[in-house]
Amino acid sequence: LSVVAALIPASPLEQTRRATRSLSDAIKDAKENNITPRFYVDYLIPLPPETKEEDIDPWPGGLAQMYPYAKDILSTILEGVVDEPAGPCSSQVLSEPDCAGFFIQESKTDAKNDVAAILFPGPDQLRNIEEIDEMVGSRALILFNKQFQRPADFGFGKGDRCKKAVFDKFRYGFAFQEFSCRGEDTKLTFEYPNWQSCVICDENQDVGQQEIALLEPSPERPAYDDLQKKINEVLPEPIWMRKMGEAEEKGLKFQRKK
């Protein structure tokens, strides 16, 4: 097993630092190559402080509950990306029902260094994305925690339009994603210019939590099938079998001495 150190952010503060650094590098590289800087950010918003272990849904209020947390995070990232920010980040609500907002961090030195972002953009914000994209021009624009994955999410008859406005223009500037692959706790990170992947193993209490590296860093997001194949290679036994083996070796948790 290839155990890696700190592939995933250890804290929300570290995630914010890494997102800021990755976006700064991505924007700089885009400008140097005369590419209009358009980026996605997938940020894993930390659970609210009042969350309890037994909570089925830590965000019962959905995006409306997340918005104030995300607003502070996004404002901090934009302020960190812009050299010599001119005062605090400004924002306005684009859609109250959809909890979408528009943010802009102005630069004190040059308007070309301003960075704009749309928080929680969904399919219903397609017109907003088009209008803001035109307004921003050559400056950087970020779609932060977008609420769509594919052109089909925009509905019938909007495929060509959303491809032109979104999917043909935007690429990742930072991502921290988690999901289950073959029942394993799988994490993906994108820090410019590469994606990295790992699984989290914490069934062995003696060793503690381990990050097991999967695929080699790549500019392309890993495909699910490739991740599953690699997991089968590095962890041949499924998690339930590993836990059963630990129970046989050490006894059930409630039988173990503290």
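## Close-up views of a predicted protein model

**Figure 1. Helices H3 and H4 make a left-handed crossing.** Welcome to the first view of this predicted model. Eight residues form the meeting place, and by class 5 are nonpolar, 3 are charged and none is polar. On the H3 side, look for Leu 126, Arg 127, Ile 129 and Glu 130. Their partners in H4 are Arg 161, Cys 162, Ala 165 and Val 166. To find the two helices, follow the chain to residues 126–136 for H3 and to residues 159–167 for H4. Their axes come within 10 Å and cross at roughly 45 degrees. An angle under 35 degrees would count as roughly parallel, and one from 65 to 115 as roughly perpendicular. H3 and H4 are therefore oblique to each other.

**Figure 2. Helix H1 covers residues 12–32.** How far apart are the end C-alpha atoms of H1? They are 30 Å apart, which agrees with the 30 Å that 21 residues should span at 1.5 Å a residue. Just beyond the helix, H1 is followed by Asn 34, which has a positive phi, near 55 degrees.

**Figure 3. Many parts of the chain help to cover the buried residues of H1, including helix H2 and strand S2.** Start with the buried residues themselves: Glu 14, Gln 15, Thr 16, Arg 18, Ala 19, Thr 20, Ser 22, Leu 23, Ala 26, Ile 27 and Ala 30. As you step along this list, keep a general rule in mind. An α-helix has 3.6 residues a turn, so residues three or four places apart point the same way. Now look at what lies over the buried residues of H1. The cover includes helix H2 (62–81), together with strands S2 (38–42), S5 (115–119), S6 (140–144), S7 (171–181) and S8 (184–191).

**Figure 4. Ser 107 sits in the loop between strands S4 and S5.** Is Ser 107 buried or exposed? Ser 107 has a relative accessible area of 9%, and buried means under 20%, so this residue is buried. Which residues does Ser 107 touch, leaving out those up to four places away in sequence? They are Val 82, Asp 83, Glu 84, Ala 86, Asn 113 and Asp 114. Asp 83 is 24 residues from Ser 107 along the chain, yet their C-alpha atoms are separated by 6.5 Å.

**Figure 5. The whole protein chain has 6 helices and 10 strands.** This last view puts the close-ups in context. Of the 258 residues in the chain, 41% count as buried. Among contacts between residues at least 6 apart in sequence, 60% join residues at least 24 apart.

Conventions
Residues numbered from 1 in each chain as written. Predicted model: local features only at pLDDT ≥ 70, side-chain atom pairs only at ≥ 80, totals over all residues. Heavy atoms only, no water. Axes fitted to C-alpha atoms, helices over the stretch in contact; angles between N-to-C directions. Helix = DSSP H or I, 4+ residues; strand = E, 2+ residues; numbered from the N terminus. Parallel < 35°, antiparallel > 145°, perpendicular 65-115°, else oblique. Left-handed = near helix turned anticlockwise from the far one by under 90°. Contact = heavy atoms within 4.5 Å. Nonpolar A, V, L, I, M, F, W, Y, C, P; charged D, E, K, R; others polar. Expected span 1.5 Å × (residues − 1). Buried < 20%, exposed > 50% of the residue type's maximum accessible area, 1.4 Å probe, protein only.
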